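Student: Could we go through this model together? I'd like to start with the surface by the DNA and then move on to the helices.

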Protein chains: 2
Amino acid sequence: MKISTKGRYALKVMIDLAQHNDGTYISLKEIAERQDISIKYLEAIVGILNKAGFVSSQRGKSGGYRLSRGTDEYTAGSILKISEGSLAPVSCLDGTAGCEKAEECVSLPLWRNLDRVVDDYLESVTLKDILEMK
Amino acid sequence: MKISTKGRYALKVMIDLAQHNDGTYISLKEIAERQDISIKYLEAIVGILNKAGFVSSQRGKSGGYRLSRGTDEYTAGSILKISEGSLAPVSCLDGTAGCEKAEECVSLPLWRNLDRVVDDYLESVTLKDILEMK
DNA sequence: CTAAATTCCTATTATTTTTATAGGATTATA
DNA sequence: TATAATCCTATAAAAATAATAGGAATTTAG
């Protein structure tokens with residue numbers, strides 16, 4: 001039940017951008033040094049956040065990334081879902097697919113409830129909240 | 001954040017044994033057929049449950065497995081933790097290790113809370129509850 | 001008694017997913 | 001116009017997951 005580095009690093013990037021949220025663009029070089037993650041791997045992760053509109057980018061010299069909304073407008077859940085693809089504990093709850101044996105599956109209600117519990121919590125926490133947590 | 005087949009199958013085995021909980025020993029052959037999982041893979045999974053004392057085994061002809069306690073004495077969490085090893089969303093919350101940068105880690109409180117939320121839910125559900133869920 | 005059916009044990013293999021790295025094209029600015 | 005950045009596609013390395021294989025040990029049913 002682990003969150004992969006994609007999700008963890010995506011959250012770190014968002015937190016880092018939030019901590020340097022002064023309207024200027026922050027380069028991956030800076031983030032990579034602060035968070036101790038390679039620039040190349042960060043490129044892949046920030047690419048996802050960028051495509052999803054979670055960050056704005058500026059190419060070229062002195063370019064970089066910045067948050068595109070206020071820190072209270074991102075939930076932990078939204079960041080993790082975008083970067084991980086899905087947070088569902090079993091793949092039959094991913095997207096639209098759904099298992100054929102869903103009707104008769106005795107375990108499914110448990111997984112559904114677990115999914116709900118996780119989602120409820122992660123959607124209740126904003127990036128702003130995370131910065132203030134201790 | 002997926003539960004692996006180890007955890008899913010372990011739960012299936014426990015549910016199957018609960019559904020045939022008449023004091024007799026149920027062979028892996030039966031369970032394998034009902035749950036559509038290979039006997040060989042089941043052996044590995046039930047081995048874990050057996051070592052943990054979750055099931056009792058009887059070797060030899062007409063042997064098999066049966067629950068060693070009442071269905072209300074197993075939580076979903078205990079079954080999944082034994083089979084998966086850990087349910088923690090990040091490895092720094094596994095066992096005793098702990099990350100060196102824990103003090104300064106801005107994400108950690110979120111992961112701790114998520115771990116708590118998951119654990120609270122899964123420990124609140126018993127095998128008996130699962131059989132009655134819909 | 002003994003053949004059959006089962007658990008138990010240790011390796012090994014195959015597959016998939018995760019975790020990156022590489023190289024260079026494109027873009028904007030200082 | 002050189003430099004520093006994002007962006008894009010492909011590839012590789014490592015780790016974890018999922019499963020199989022072969023046979024030893026055990027118990028019972030006939």
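Tutor: Before we begin with the classes, Ala, Val, Leu, Ile, Met, Phe, Trp, Tyr, Cys and Pro count as nonpolar, Asp, Glu, Lys and Arg as charged, and the others, Gly among them, as polar. Please also keep in mind that this is a predicted model.

Student: OK, so by class, what does the surface near DNA strand D have?

Tutor: The surface near DNA strand D has eleven polar residues and eight charged ones, together with four that are nonpolar.

Student: And which residues come nearest to strand D?

Tutor: Of the 23 residues around DNA strand D, the ones that come nearest are A:Ser27 and A:Ser57 from chain A, and B:Ser4, B:Ser38 and B:Gly60 from chain B.

Student: Which elements supply at least two residues of that surface near DNA strand D?

Tutor: In chain A these are helix H2 (28–35), helix H3 (39–51) and strand E2 (64–67), while in chain B they are helix H1 (5–19) and helix H3 (39–51). H3(B) gives the most to the surface near DNA strand D, namely three residues.

Student: Switching to chain A, how do H2(A) and H3(A) cross?

Tutor: Their axes come within 9 Å and cross at roughly 110 degrees. Because angles of 65 to 115 degrees count as roughly perpendicular, H2(A) is roughly perpendicular to H3(A). The crossing of H2(A) and H3(A) is right-handed.

Student: Which residues meet there?

Tutor: From H2(A), A:Leu28, A:Lys29, A:Ile31 and A:Ala32 meet A:Ile39, A:Leu42, A:Glu43 and A:Val46 of H3(A). The residues of this contact divide into six nonpolar and two charged, with no polar residue.

Student: What about the strands E1 and E2 of chain A, parallel or antiparallel?

Tutor: Strand E1 (residues 55–58) of chain A pairs with E2(A) in the antiparallel sense, over four bridges, and A:Ser56 stands opposite A:Arg66 in E2(A). The hairpin of E1(A) and E2(A) has five residues between the strands, and in this hairpin A:Gly60 takes a positive phi near 80 degrees.

Student: Last topic: how many residues of the two chains are in contact?

Tutor: On the side of chain B there are 28 residues in contact with 27 residues of chain A. In chain B, H1, helix H4 (76–84), helix H5 (108–124) and helix H6 (127–132) each supply at least two residues of the side that touches chain A, and the largest share, eight residues, comes from H5(B). By class, this side of chain B has 20 nonpolar, three polar and five charged residues.

Terms used
Residues numbered from 1 in each chain as written. Chains lettered and ligands numbered in written order. Predicted model: local features only at pLDDT ≥ 70, side-chain atom pairs only at ≥ 80, totals over all residues. Near = placed C-beta within 6 Å. Contact = placed C-beta atoms within 7 Å. Axes fitted to C-alpha atoms, helices over the stretch in contact; angles between N-to-C directions. Parallel < 35°, antiparallel > 145°, perpendicular 65-115°, else oblique. Left-handed = near helix turned anticlockwise from the far one by under 90°. Pairing = 2+ DSSP bridges.
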